[in-house]
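Visitor: Could you walk me through this protein, starting with its rings? I am new to this, so plain sentences would help.

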Amino acid sequence: MKVIIAEKPSVAKNIADALKIKSRHDGYLEAEEYYITWAFGHLVELFDAKDYDAKMGSWRLNNFPFIPEKFEYKIKTNKKKVDPGAKKQLNCIKKLINNKNVDGVISACDYDREGQIIGDLILEYLKVKKPVYRMLLNEWTEKEVLYGIKNVVPNDTLKSLKDAGVSRQHADWLIGINLTTVATLKYKNEQKQLYNIGRVLLPTLKMIYDKDIEIEKFVAKPYYKLECDFDIEGKKYRGTYTIDKENKKEDKFEDKKLLENINQDLVSKPAKVQDKNVNLNKEYPPLLFNLSALQGYVTSKYKGFTSDKVLKIAQALYEKKHITMLSVESPLL
């Protein structure tokens, strides 16, 4: 037998439906050849700074930056206490894997870097020694699930995907823990405001700030363009006067008088075509949406939609098999 670990209960149900499994237990489903169980997203998380060293429980500038020699993981916490649901499910997964009839594990978490480390970190935390395989799917229809189970690959072939996920996770921790603490202590005020700083949050905020400053300091200046109507053998078109400037075509001018003089020289004068270029281009259909593109498109087109709202709707549609995987790294497949 093998244990299949899905990223969430709804996906475990899709797998069970494809395998026509109806035997349900507390925390898993059972078939003749498989136990199907699930996580709730991340069941384990990185240590807090104070988990490494008790003195880090109090925020003092001389304790930072803090970089652990080795990153360690613990069961997911909720309000500083071990999450009982996460602990129970981890024990369930451990019991299934340790069953003497089980000869391997299949990680069926989402096929992206986050899904990869959700499964890998659970297996590492439980110190699993049995062979681990990976089911690579972007949708959970019956046909795809059955195909995925028959075509699992060794989990260690996805090491680069795991490394990408772990690197992002560690970077988030190092930047978030250290800079948030130092900024809060250095710029503390009477309201004891927390200054959140993150790997994504900080550069995004800087981009917004730079744009605000650019808008604030913007000084409007009038410019002029010269456009003329031409008639070449009965074919009419409108042309714009340009000059080459620093390897670019420039068609906006501050000197209105210059354009007026050029205009006077052109009026009612014959024109000659010196060069004609015809380019044939292929226009390809647009790529399917990935998550980032979908969020940007919807939030810009429809009022009332935030990125978080789009994410939740997309996740619900994905779990109901109405759309395929919405990965940040790659387009829908």
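**A chat about aromatic rings**

Guide: At 40% relative accessibility, Tyr297 counts as partly exposed, and please keep in mind that everything we discuss comes from a predicted model.

Visitor: Where does Tyr297 lie?

Guide: Tyr297 is part of helix α9, which covers residues 291-301.

Visitor: And which residues make a nonpolar surface patch with Tyr297?

Guide: Phe289 and Tyr302 join Tyr297 in a nonpolar surface patch of about 300 Å². Phe289 is partly exposed as well, with a relative accessible area of 34%.

Visitor: Okay, zooming out, how many aromatic pairs turn up in the whole structure?

Guide: Searching the whole structure gives 11 aromatic pairs. One of them is the pair of Phe230 and Tyr237, which is stacked, with 5.3 Å from centre to centre and 15° between the planes.

Visitor: Are Phe230 and Tyr237 buried or exposed?

Guide: Each falls in between, because a relative accessible area of 26% makes Phe230 partly exposed, and Tyr237, at 44%, is partly exposed too.

Visitor: What about the rings of Phe289 and Tyr297, and why is that pair called tilted?

Guide: Their centres are 5.4 Å apart and their planes meet at 45°, so the pair is tilted. Stacked planes would have to be under 30 degrees apart and edge-to-face planes over 60, so an angle between those limits is called tilted.

Visitor: Which residues form an aromatic cluster?

Guide: Phe47, Tyr52, Phe66, Phe71 and Trp173 together form one aromatic cluster.

Visitor: Switching topic, which charged end sits over the ring of Tyr223?

Guide: That is the charged end of Lys252, which is 4.9 Å from the centre of the Tyr223 ring. In another case, Lys309 lies over the face of Phe305, and the distance to the ring centre is 4.4 Å.

Visitor: Now the whole protein: how many helices and strands are there?

Guide: The protein has 10 helices and 15 strands. Its radius of gyration is 30 Å, whereas the globule rule gives 20 Å for 333 residues, so the protein is more spread out than a compact globule.

Visitor: What does the C-alpha trace span along the principal axes?

Guide: Along those axes, the C-alpha trace spans about 95 × 60 × 35 Å.

Visitor: Last one, what share of the residues is buried?

Guide: Of the 333 residues in the protein, 33% are buried, and the word buried is used here for a relative accessible area under 20%.

Technical notes:
Residues numbered from 1 in each chain as written. Predicted model: local features only at pLDDT ≥ 70, side-chain atom pairs only at ≥ 80, totals over all residues. Heavy atoms only, no water. Phe/Tyr/Trp six-rings, centres within 6.5 Å; stacked < 30°, edge-to-face > 60°. Buried < 20%, exposed > 50% of the residue type's maximum accessible area, 1.4 Å probe, protein only. Lys NZ or Arg CZ within 6 Å of the ring centre and 35° of its normal. Patch = residues over 30% accessible without salt bridge, like charges linked within 9 Å, V, L, I, M, F, W, Y side chains within 5 Å. Areas by Shrake-Rupley, 256 points an atom, 1.4 Å probe, with all protein chains shown as cover. Salt bridge = Lys/Arg side-chain N within 4 Å of Asp/Glu carboxyl O. Helix = DSSP H or I, 4+ residues; strand = E, 2+ residues; numbered from the N terminus. Rg over C-alpha atoms; globule rule 2.2 N^0.38 Å.
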